[in-house]
Amino acid sequence: MRTFSHAVLAALAVLMFTPLFVSPSFADVAAGDVLVADLGNCSTQDVCEPGTGTIRRYSALGMDLGVFAGGPSFQLSAPWSITADQLGNIYVSERDGQRVTKFSPAGDPLLTITTGFTPGGVRVGTDRTIYVVDSSSGKINRYSEFGAGLGSFASAALVSADFMAFDAQGNLYVTGTDSVLDEFVRRVFSPTGANLGDVVAGFFAPAGIAFDAQGNLYVASSTSNIVEQYSLSPIPPGADLGTFAFGDPGDDSFRGIAFDASGNLYVASSARRSILRFPPAGGTAPESFASGLSFPWDLVIVPMPANPAVTPGRKEGGGRKFEFRDQRDCIQFVNTGK
């Protein structure tokens, strides 16, 4: 019984000390599958053939594991943003489809939210609240885990907004275009939706944003094909730590970015139709992690296993098994024993 109790307490500790928000900016294990949102058959990023978008899956070693979602069985129209929750479910926003779909770790559609607006970035909190940015107005809307509308979370006051990410403290970061100065800016909001102001103003053509394990902020520029690094300590705005990664100038290529726990940076490169991987030191010589994509736009790293359900084993002297799906199940077991 002692071994079983230790397993339960260990599982509970992991769940209780997980950061407030799940972000595709970094995974909590070194190895994990990489899922990429591919817009599909597009003449430009704005003109894509309906229903041709896909979500492709790759192993941590770059092995193509095939189509995770999309195709004849569930058509996707310009899948724009992708993220994961703590259970390994995948959420995809479709720019042209004007919807957000939740998929199981196996790729089965579980929930579809019709947004009524053009969705950009999508993120999920540990309470399973779904956050979706309206890319044309800069407003961030919230939905329950069952798809019920919860109203507006915040307004970024941007002409257009695209990518967003939560830091470990639950502050929300959004990239977009300012309506007054016509500059590309980045804004931050507290967990309650309070506007904390710009962190990086005047950053030209910002795209994907991510955080490393130390909490530093990284912003990709789609036209300069660079990823810039910023320190947010002690409080935003932080210091510009310089350019972390360089791509081919003039490609208009860098889009979504994500870190794994080993510090490798993954970049969706739309012009090169590939995923690039930079080592923890960054630099100018990325590895081609995956190629042959149509129009890759965003990506997420899913920890392995994709569904982190904990099954500690059998209780001593009995035949029952206990499966812990999330923090609430663990707390219930500790409090009641069942």
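**Strand pairing and a buried loop serine**

In the hairpin formed by β12 and β13, four residues lie between the strands, and Gly-138 adopts a positive phi near 80 degrees. The model described here is predicted. This briefing covers the pairing of β12, β13 and β14, an open sheet, and the surroundings of Ser-77.

**Strands β12, β13 and β14**
- Strand β12 (residues 130–134) runs antiparallel to strand β13 (residues 139–143), and four bridges join the two.
- Within this pair, Tyr-131 is placed opposite Arg-142 of β13.
- Strand β13 also pairs with β14 (residues 149–155), again in the antiparallel sense, over five bridges.
- Ile-140 has Ala-154 in β14 as its bridge partner.
- The hairpin of β13 and β14 has five residues between its strands, and Gly-147 in the turn shows a positive phi of about 95 degrees.

**The open sheet β19-β20-β21-β22**
- Four strands, in the order β19-β20-β21-β22, make up an open sheet with antiparallel pairing.
- Its edge strands are β19 (206–211) and β22 (240–246), each of which pairs on one side only.
- From one strand to the next, the twist averages 25 degrees.
- Five bridges connect β21 (residues 226–230) with β22 in the antiparallel sense.
- Tyr-230 is located opposite Asp-240 in β22.

**Ser-77 and its contacts**
- Ser-77 is situated in the loop between β6 (64–70) and β7 (79–84).
- Ser-77 counts as buried because its relative accessible area is 15%, and the limit for buried residues is under 20%.
- Apart from neighbours within four places in sequence, Ser-77 contacts Pro-50, Gly-51, Glu-94, Arg-95, Asp-96 and Gly-97.

Terms used:
Residues are numbered from 1 along each chain as its sequence is written. This is a predicted model: local features need pLDDT of at least 70, side-chain atom pairs count only at pLDDT 80 or more; totals for chains, interfaces and linings use all residues. Side-chain values use heavy atoms; hydrogens and water are left out. Two strands pair if DSSP finds at least two bridges between them. Axes are lines fitted to C-alpha atoms, for helices over the stretch in contact, and angles run from 0 to 180 degrees between N-to-C directions. Buried means under 20% relative accessible area, exposed over 50%, partly exposed in between (1.4 Å probe, protein chains only). Contact means heavy atoms within 4.5 Å.
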